[in-house]
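This briefing is intended for a computational chemist who has the sequence and the coordinates at hand. Please consult the entry below before reading the points that follow.

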Amino acid sequence: MKRKGEMKKVIKVKDKVNDGQDDDPWWWLVQEGIRPSFLCISLFALLVRVAVGLHPYSGAGTLPKFGDYEAQRHWMEITLNLPPKDWYRNSSVNDLSYWGLDYPPLTAYQSYVHGVFLKTFDPDSVALFTSRGYESYLGKFLMRWTVLSSDVLIFFPAVLYFVLVYRSMRFGMGQNSDVAWHIAMILLNPCLILIDHGHFQYNCISLGLTIAAIAAALSQKDLVASVLYCLALNHKQMSAYFAPAFFGYLLGKCLRKKNPLLEVTKLGLMVIGTFAVVWWPYLQSKDAALAVLSRLAPFERGIYEDYVANFWCTSSVLVKWKKLYSTQSLRIFSLAATLITCLPSMVQQIFAPSSKGFLYALLNSSFSFYLFSFQVHEKSILLPLLPLTLLALEESRLILWLTHFAMFSMFPLLHRDKLVLAYMALYALFILVYFAPCGPGGRCHGTKTLNNTQKTKRSEDFITSITFHPLVMGFLGLCSLILHVIYLTMHPPNKYPFLFEAVIMLICFSQFVLFTFYFNSKQWMLSKHLTSKDQQKKLI
């Protein structure tokens, strides 16, 4: 009789689940599993990327140095026509003042592979010297194709890997439709699409490797995670934004195992081995290695360039950092501020490593670097935005708010690139996807978000009351709209030519600081929710 009663309860639960699925408008997309839904969303995401690629790019037709598009093409030209030892060295055939390579060797190898591809179909586009400023229709088509292929080969598979791991851990995916929404939030990130397929860069490679490393770490494949993260770091040095989180999480797990010293040694050997393989052509001599390192740290450019919503640029309105202090002093200031702000997050993971805490640590660490490190660019907001998209189901309210200000902080750059139409279209698409029936605007997801938030409600009341108060949100939203219109229709006073940019940076910076406080408090509160069994458990 007891078994029959239990069977009836199970049947009733299944009926309720099925009823919920029938009511879900996206159920048709995910009823066969994660992979079919991922394929459908991926195809749509690719079409969006192709559409954005039809718009202008950085420095289009702008002499004498053009822009990031020309930089990427020039690196293909250099790596294809010169031996590796000359890629980072100034010479008569490689003028480093004209878009010299300033990324780690893995970017150089990627440029070589793409250069071979371009040479196969359009040799003139990568010819030494004569290809400078080359902007033929075929050349642009091939260049856009290299970014699309990088997305398909690296970023998209990494996202699928992460979603499968995240799903298995059941961090909050109550219904299958949540999976589809989560995939869409990651693949249709408007900031990444605008920078890679509009402005023109290859962030999808380093971010894809980082996502794969995160997924490997969450699935207890720590050695694989360390290799993948080292590859990301060797593609773009900005991947160091995530270094404290990876270090804290992996070290924390090692310290809880039976033989901590052995585990740390294995990780160290994997890191050293990966760096040795990538840097092998430059380890033959001290001068060659130093030549690469000197290109990776452009301190001569100053503590900030253009207008970026971080501490140094925003506060420069009041404190003229570049005039008052030497570059050496500013390097020390930025290093100290970055370490101090990312240290609490890293320490929390060393003493209480957890999968969810690791994702928050990635977010907090990257925000610390974005706000306080040396030579931050507008595009660097992509790094804090990445872990937030991975936590989209946990922070469903904040992903919309942060994405809005991330896009807003890049608006002057995208306006300069003539990408305003793509900017508005992608923002509208993101809003539509965000408020899809299975998203946070839907009934089921809104309920789940409320339940998750209640767990840490007391610690977050103060910050959320400031950030999400209707008056504050309405005021900031109205300011954003007005500033968009002003920027497009008016000219600033001659005395203050960058007035509009300064106001935009100030508004965005204020929000990023609030986000940093919020996510740090959220991460620390996670350790309080660990049960005594979890705290005493030893990892095998």
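The notes below cover the overall chain, its salt bridges, one enclosed helix, a surface patch and the cysteines.

The model is predicted. The chain contains 25 helices and 0 strands, and 55% of its 540 residues count as buried.

**Overall chain**

- The accessible surface of the chain amounts to about 24800 Å², of which carbon and sulfur atoms supply 68%.
- Among contacts in the chain with a separation of 6 or more, 78% are between residues 24 or more positions apart.

**Salt bridges**

- Across the whole structure, 12 salt bridges are found.
- One of them joins the side chains of Asp151 and Arg49, with an N to O distance of 2.9 Å. This pair links distant parts of the chain, since Asp151 belongs to helix H6 and Arg49 to helix H3 (residues 34–53), 102 residues apart.
- Both partners of that pair are buried: Asp151 has a relative accessible area of 1%, and Arg49 has a relative accessibility of 2%. Because the cut-off for buried is under 20% relative accessible area, Asp151 at 1% qualifies, as does Arg49 at 2%.
- Arg73 and Glu70 form a salt bridge in which the closest N and O atoms are 2.9 Å apart. Arg73 and Glu70 both lie in helix H4 (residues 68–81), 3 residues apart, or about one turn of the helix. An α-helix has 3.6 residues a turn, so residues three or four places apart point the same way. Arg73 and Glu70 are both buried.
- The side chains of Arg416 and Glu378 also meet in a salt bridge, at 3.9 Å from N to O. This pair too links distant parts of the chain: Arg416 is in helix H19 (residues 396–416), while Glu378 is in the loop between helix H17 (355–372) and helix H18 (382–390), 38 residues apart.
- The burial of this pair is uneven: Arg416 is partly exposed at 48% relative accessibility, whereas Glu378 is buried, with a relative accessible area of 6%.
- A network of salt bridges links Asp222, Lys253, Lys257, Glu263 and Lys266.

**Enclosed helix H8**

- Helix H8 spans residues 190–200, and because 11 of its 11 residues are buried, the helix is largely enclosed by the rest of the structure.
- The buried residues of H8 include the polar or charged Asp196, His197 and His199, along with Leu192, Ile193, Leu194, Ile195 and Phe200.
- Asn189 caps the N-terminal end of H8, where a side-chain oxygen of Asn189 lies 3.0 Å from the backbone nitrogen of Cys191. Cys191 is itself among the buried residues of H8.

**Nonpolar surface patch**

- Tyr137, Leu138, Phe141 and Trp145 form a nonpolar patch on the surface, and together they have about 500 Å² of accessible area.
- Trp145 is located in helix H6, which covers residues 137–169. Trp145 has a relative accessible area of 45% and is therefore partly exposed.
- Helix H6 thus holds Trp145 of the patch as well as Asp151 of the salt bridge to Arg49.

**Cysteines**

- The number of disulfides found in the whole structure is 0. A disulfide is a covalent bond between the sulfur atoms of two cysteines.
- Cys230 is buried at 3% relative accessibility, and Cys254 is buried with a relative accessible area of 2%.

Conventions:
Residues are numbered from 1 along each chain as its sequence is written. This is a predicted model: local features need pLDDT of at least 70, side-chain atom pairs count only at pLDDT 80 or more; totals for chains, interfaces and linings use all residues. Side-chain values use heavy atoms; hydrogens and water are left out. Patches are made of residues with over 30% relative accessible area and no salt bridge: like charges are joined within 9 Å, nonpolar side chains (Val, Leu, Ile, Met, Phe, Trp, Tyr) within 5 Å. Accessible areas come from the Shrake-Rupley method with a 1.4 Å probe; for residues, only the protein chains shown count as cover. A salt bridge is a side-chain nitrogen of Lys or Arg within 4 Å of a carboxyl oxygen of Asp or Glu. Helices (H or I, at least four residues) and strands (E, at least two) are DSSP runs, numbered from the N terminus. Buried means under 20% relative accessible area, exposed over 50%, partly exposed in between (1.4 Å probe, protein chains only). A disulfide is a pair of cysteine sulfur atoms within 2.5 Å. Contact means heavy atoms within 4.5 Å. A polar contact is a pair of N or O atoms within 3.5 Å; within protein, one must be able to donate a hydrogen and the other to accept it, and residues adjacent in sequence count only if both atoms are side-chain atoms.
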